[in-house]
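User: I'd like to go through this one and check the labels people put on it. Can we take them one at a time?

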Amino acid sequence: MEKIYSSQEGLDEPMARSSQHGGLKTMPFIIANEAFEKVATYGLTANMILYLTGAFNMEVVMGAQALFLWTATSYFLPIVGALVSDSYLGKFRVIVLASLSSLTGMVLLWLTAMVPSASPREAEKATPAQLALLFSSFAFMAIGAGGIRPCSIAFGADQFHKPENPGNEGVLQTFFNWYYASVGVSIMVAVTLIVYIQDHKGWKFGFGIVVLLMLLSTVLFVLGNPYYVKVKPNKSLFIGFAQVLVASWKNKDLVFPPVNSIHACSYVYHHHTGSKLVAPTNNLRFLNKACIIRNPGEENLKPDGSARKPWSLCTVDQVEDLKSLMRVIPIWSTGIMVSVVVGQNSFFVLQAKNMNKHITSSFQFPAGSFMVFTILTYTIWLVVCDKIIILLVSKVTKQKGSLTDKQRMGIGILLVCAAMIVSAVVESIRRKRAIEHGLLKIAHAAVDMSAFWLVPQHCLVGVAEAFNFIAQIKFYYTQFPKSMASIAVALFSVGMAVGNLIGSFIVKVVDKASKGSGNQSWLSSNLNQGHYDYYYWVLAVLSFVNFLYFLVCNWAYGSDNNEEGIRVLGDQGEEVKEKNIHV
């Protein structure tokens, strides 16, 4: 019989948890689910551009746009998944349904390779029915990602939430270590072994392996059902944000009350019983009307202190939570261009395909596996090089500590600019050699130039991710109240989604603009006739402009701490002004 706890009662009360549920025995089921799902998912995405341009005879531009939109949807839907999980179904049900959705999508994709009529013949365009089957598979997999990504690690953490146990922190850290280690190993296996199988055994066998792995992922997770702790869904922060916006609009005609003391504020502004935060800040002041008690003499509150009409009256905490989110939006927007550059792997794969990939006379490194250099660089930098940077910074500045989160974000933006410059130079050399060898009109001939010239751009992208992405998430965590910790990852996910949408838009604009006056598109399916180097230069310029924009946003944001004092009640009831409540 399944055990369900409310988020407040079941996890916070020591006696509410049965010793038969949760703990280390659930780890194999959860980690196996995540590991197999990652191998299956990344095993498809790494090589997908070759499947679209080969088996489905798509132009490069159409294939790239399809992948950008698929990736964008996969990053956006976790917001929906988190909302459904937190407010309605709970994490366990969402993960099961999402796993089944991903499995369905992978089976449909496998059918496009297995059934002859499900994909076009050579040199023919795909029919609407064939494209519908293909894009349906993408849609099911995106829905699956939307449920698994926001819930998997949080569901795992629920199994080890035992505040009454002094040793619980170490157990939880062990779970996180194993979780992220499994993710890293899974992605490495996906972009090497699975891609190799697809290249040498064909799409039928390669996609079949992926389906089998996803089936194992789903079955193993469900088998752990009797042992899981399941937290009952509760109110979502996203609903709270919506309530603040609606309430502030409803109360837009209210006049701000004159309050001269913190004690007067406690009667004018609605706050949780026992909360020390009883007055809102003055930044984004229009939102403060959401927490003004319209008629203090009337019964606006329930006996437990909550509002009778939560869409008309919110708490000070709700208002300040939304303000902290809105305040970081400009800084967040600077990460979008980084996501655009990180999403260029499809073009890197096409470059590798048209180059010499031989390691030995009998072994070729798969074009889709060059992504492994991005992952390796990212991992090595986080484990080793980052510590060296800390030591160097401390030695130069004569102070303990390292670079700030915003400095790391800025460095990451410059690194993606450098990655695009290197990509443009390498592609220019590759194209020049192709023309010199008479390959201008031969679309898929390999140029006598080692594909390992692509490694530097992959490494630069990996270091850029290590600097910018990690700093982004950490920055959000430090700037948000503890109650909004989950929003940090969600906000990053939305940034990746927007980045891929903009990436698709840039591809479309560059293709259309470069075709003017009957010219060959820069993004031609024949790389030798196109000018992918020009496309990379466009991204380099946009990345540099984004860096200048980042400097402006960084200046406007000011200190990482909230400089405006927060008026709160001290332990003895006295008024206290705190500069930062986000710790």
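Analyst: Sure, here are the labels and the reasoning behind each; keep in mind that this is a predicted model.

User: Start with the overall picture. How many helices and strands does the chain have?

Analyst: You get 18 helices and six strands. The chain runs to 583 residues, and 51% of them count as buried. As for contacts between residues at least 6 apart in sequence, 78% join residues at least 24 apart.

User: Now Val507. Why is it called buried?

Analyst: The cut-off for buried is under 20% relative accessible area. Val507 comes out at 0% relative accessibility, so it counts as buried. It sits in helix α17, which covers residues 485–514.

User: What is Val507 in contact with, leaving aside its neighbours within four places in sequence?

Analyst: Val61, Gln65, Phe68, Phe347, Leu523 and Tyr535. Take Val61: it is 446 residues from Val507 along the chain, yet their C-alpha atoms are separated by 6.8 Å.

User: And Asn554, what makes that one partly exposed?

Analyst: Partly exposed is the band between buried, under 20%, and exposed, over 50%. Asn554 has 26% relative accessibility, which falls in that band, so partly exposed is the label. Its place is in helix α18, residues 532–557. Not counting residues up to four places away in sequence, Asn554 touches Ile331 and Lys406. C-alpha to C-alpha, Asn554 is 8.6 Å from Pro330, with their positions 224 residues apart in sequence.

User: On to helix pairs. How do you know that α4 is oblique to α5?

Analyst: The axes of α4 (residues 60–89) and α5 (residues 91–114) come within 8 Å and cross at roughly 135°. Roughly perpendicular runs from 65 to 115 degrees and roughly antiparallel needs over 145, so an angle in the gap between them counts as oblique. That is why α4 is oblique to α5.

User: Which residues meet there?

Analyst: From α4 it's Gly81, Val84, Ser85 and Leu89, and from α5 it's Lys91, Arg93, Val94 and Leu97. By class, that contact holds four nonpolar, two polar and two charged residues.

User: Why are α9 and α11 described as roughly perpendicular?

Analyst: Here the axes of α9 (residues 237–250) and α11 (residues 316–333) cross at roughly 100°, coming within 9 Å. The perpendicular window is 65 to 115 degrees, and roughly 100° lands inside it, so the two helices are roughly perpendicular to each other. On the α9 side you have Leu237, Gly240, Phe241, Gln243, Val244 and Leu245, and they meet Gln318, Val319, Asp321, Leu322 and Leu325 of α11. The residues of that contact split into seven nonpolar, three polar and one charged.

User: Last topic, cavities. How many are there of 30 Å³ or more?

Analyst: Two. The second largest holds about 40 Å³ of space.

User: What lines the second largest cavity?

Analyst: Its lining is Trp332, Gly335, Ile336, Ser339, Gln472, Phe492, Gly495 and Met496. Helices α12 (336–342) and α17 each supply at least two of those residues, and α17 gives the largest share, three.

User: How do you know that this lining splits into four nonpolar and four polar, with no charged residues?

Analyst: Go by residue type: Trp, Ile, Phe and Met are on the nonpolar list, while Gly counts as polar, and charged is kept for Asp, Glu, Lys and Arg. Trp332, Ile336, Phe492 and Met496 are therefore the nonpolar ones. Gly335, Ser339, Gln472 and Gly495 are the polar ones, which gives four nonpolar, four polar and no charged.

Methods:
Residues numbered from 1 in each chain as written. Predicted model: local features only at pLDDT ≥ 70, side-chain atom pairs only at ≥ 80, totals over all residues. Heavy atoms only, no water. Helix = DSSP H or I, 4+ residues; strand = E, 2+ residues; numbered from the N terminus. Buried < 20%, exposed > 50% of the residue type's maximum accessible area, 1.4 Å probe, protein only. Contact = heavy atoms within 4.5 Å. Axes fitted to C-alpha atoms, helices over the stretch in contact; angles between N-to-C directions. Parallel < 35°, antiparallel > 145°, perpendicular 65-115°, else oblique. 1 Å grid on protein atoms, 1.4 Å probe; cavity = no way out; pocket = protein on both sides within 12 Å on 5 of 7 lines; lining within 4 Å. Points joined across faces, edges and corners; volume = space filled by probe spheres on them.
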